[in-house]
Amino acid sequence: MDDDELEQFLESDLAVSRSNAWVFCAATHKGTVRQLNEDGWRYWPKRGLALVADGMGGHESGDVASTMLCESLDHAPSFTSLSERLNWIEDQVTVAHKRIRHYSKEHHDNKTVGSTLVVWVDASPLGSALWAGDSRLYRIRNRKLEMMTRDHSQLNEMIDRGLISAEEAQERKGGNVITRAVGARELLHMDTKLFEIRADDLFILCSDGLYNAVSDAHIEAICHGQGSIEQRSVTLMQQALNSGARDNVTFMLIESPSHAVNGYHHEEPQL
Amino acid sequence: MTRVQVDDMQIIKVDFALTRLCRAYANERISKALYRRQRAELISYVQIPQSPFPDLVLNEYSQAIDDVFVPEETSAIDDLGFSDDWLNESSPTRIQTYDSRQGQFFNDSDSLGAEFDPELRENSIYNFSILSLLDRYYWAVLAVFLGIMTTLFLIV
């Protein structure tokens, strides 16, 4: 990014919000090839809720799908349990799913219009993820990056059915063929993940544009490095763009306020 | 009442069960209502002290029509190299029809479903009965038939 692009990025494509428990920093960019940014994101810090959506369907349709998804969780009632929250999120996403399919039928002659989705839910000390497609949730704990979601992709289906091994899957092309997305098929099933949340955890929600452009090692090093959460987000986006970023890139960092100001100071191992 | 700390082993156990539950739901082996109820039970198991681990049902329809079910060859736990009694999934599997198939890949149970067709079986039994009767009374039928033909010939 040159200076002008960086200024524009900081003004319109980078956002930070804080609650008592978490700081959220979201960044999005259309990438170096695409003319449109069809990704979407949303966070609700006080509700401990965040999502990233990656729209698909070509000219403006993907953007419509991801926007519908983002808006679907805007107005939430109060909940008494995590289960109730998850049920409500699924119901709202299902409503958006039907709207997307109706939109596709009305405007695009039933052409596939949809969006992948990953939702992060904080119910400390428990957390949960709901997702469909290949948008991901990562967690960095003890300086180690863990993928918390599992892509709904052809390759993973083949691994599950024992047709290929995980090693063979890495060598194959076509890993980006997804088998689930909101709006894509008549029925929608989202997967649920349950995990523990600790105060020192750092969470990353992202579209495939990030992890296809930046290696896990770089994501881990940049996100868990020094500097404010904004600085690290800019560095991560620059790394993605420098690597080509053929797809839209969207990610969100979520971490405790104590780390959001200066980042993480790692002690050098003593020899 | 929510615990301050979460037990790592409980999380691993619940995560594994939840993965199986999500797969059963995605493959339409359980209804949305049952999926949600069991997910809530798993969450309660982690959150509420002394909660027992729930007995999960991953093949809801197996209780409804016994005749159209076949047992799974191996349990889900064994499939993944685990073997424990906390998640019993050895109940029968519903035979899926082609209409209920999800995703782009064939479900293992489809091949079983393709072999079984109650209507075909009923037709086969019916056809078998007719053929048996014809076989047994072949000469009698032939004699009657020839008699009728001869009578008609003589009249004409």
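The paragraphs below lead through a predicted model, from its confidence values to the sheets, cores and helices of chain A and then to chain B.

Chains are lettered from A and ligands numbered from 1 in the order in which they are written, while residues are numbered from 1 along each chain as its sequence is written. Because this is a predicted model, local features need pLDDT of at least 70 and side-chain atom pairs count only at pLDDT 80 or more, whereas totals for chains, interfaces and linings use all residues; side-chain values use heavy atoms, with hydrogens and water left out.

The mean pLDDT of chain A (the predictor's confidence in each residue, from 0 to 100) is 91, and 96% of its residues reach 70 or more. Within this chain, confidence is lowest in helix α1 (residues 3–12), where the mean is 79, and highest in β10(A), at 98. Helices (H or I, at least four residues) and strands (E, at least two) are DSSP runs, numbered from the N terminus.

A good place to enter the fold is strand β5 of chain A. It is mostly covered, with 10 of its 10 residues buried, where buried means under 20% relative accessible area, exposed over 50%, and partly exposed in between (1.4 Å probe, protein chains only). In a regular strand the side chains alternate between the two faces of the sheet. In β5(A) both faces are covered, with A:Gly114, A:Thr116, A:Val118, A:Trp120 and A:Asp122 buried on one side and A:Ser115, A:Leu117, A:Val119, A:Val121 and A:Ala123 buried on the other. Two strands count as paired if DSSP finds at least two bridges between them. β5(A) pairs with β4(A) in the antiparallel sense over eight bridges, with A:Val52 opposite A:Val118. Seven bridges join β5(A) to β6(A), also antiparallel, and here A:Val119 stands opposite A:Leu130; these two strands form a hairpin with two residues between them.

The same strand leads into the largest nonpolar core, which has 48 residues, and in which A:Ile89, A:Leu117 and A:Val119 have the most contacts. Such a core is a set of buried Ala, Val, Leu, Ile, Met, Phe, Trp, Tyr and Cys residues joined through side-chain atoms within 4.5 Å. At least two residues of this core come from each of β4 (49–56), α2 (61–72), α3 (82–107), β5 (114–123) and β6 (126–132) of chain A, and likewise from each of α1 (8–26) and α2 (32–47) of chain B. A second, separate core of 30 residues includes A:Val23, A:Leu145, A:Ile204 and A:Val234. Contact means heavy atoms within 4.5 Å, and, not counting residues up to four places away in sequence, the residues that A:Leu117 touches include A:Leu51, A:Val93, A:Trp131, A:Val182 and A:Met190.

Another part of chain A is built on an open sheet of six strands in the order β1-β2-β11-β10-β7-β8, with antiparallel pairing. β1 and β8 (144–147) stand at its edges with a single partner strand each, so one side of each is left without a neighbour in the sheet. Strands β1 (residues 14–18) and β2 (residues 23–29) of chain A pair over five bridges and form a hairpin with four residues between them, while β10 (residues 202–206) and β11 (residues 249–255) are joined by four bridges, with A:Phe203 opposite A:Ile254.

Two helices of chain A can be followed from here. Helix α8 (residues 229–242) lies across β1, β2, β10 and β11 and runs at about 155° to β11(A), an angle between N-to-C directions, from 0 to 180 degrees, of axes fitted to C-alpha atoms, for helices over the stretch in contact. In helix α7 (residues 216–223) the buried residues are A:Ile219, A:Ile222 and A:Cys223. Seen down the axis of α7(A), they fall within an arc of 90°, so they line one face of the helix; the arc is that of the directions from the helix axis to the C-beta atoms. The face of α7(A) turned away from this side carries the exposed residues A:Ala217 and A:Ala221.

Chain B has six helices and two strands, running α-α-β-α-β-α-α-α from the N terminus on. Buried residues make up 33% of its 156 residues. In helix α2 of chain B is found B:Ser44, which is partly exposed, with a relative accessible area of 26%.
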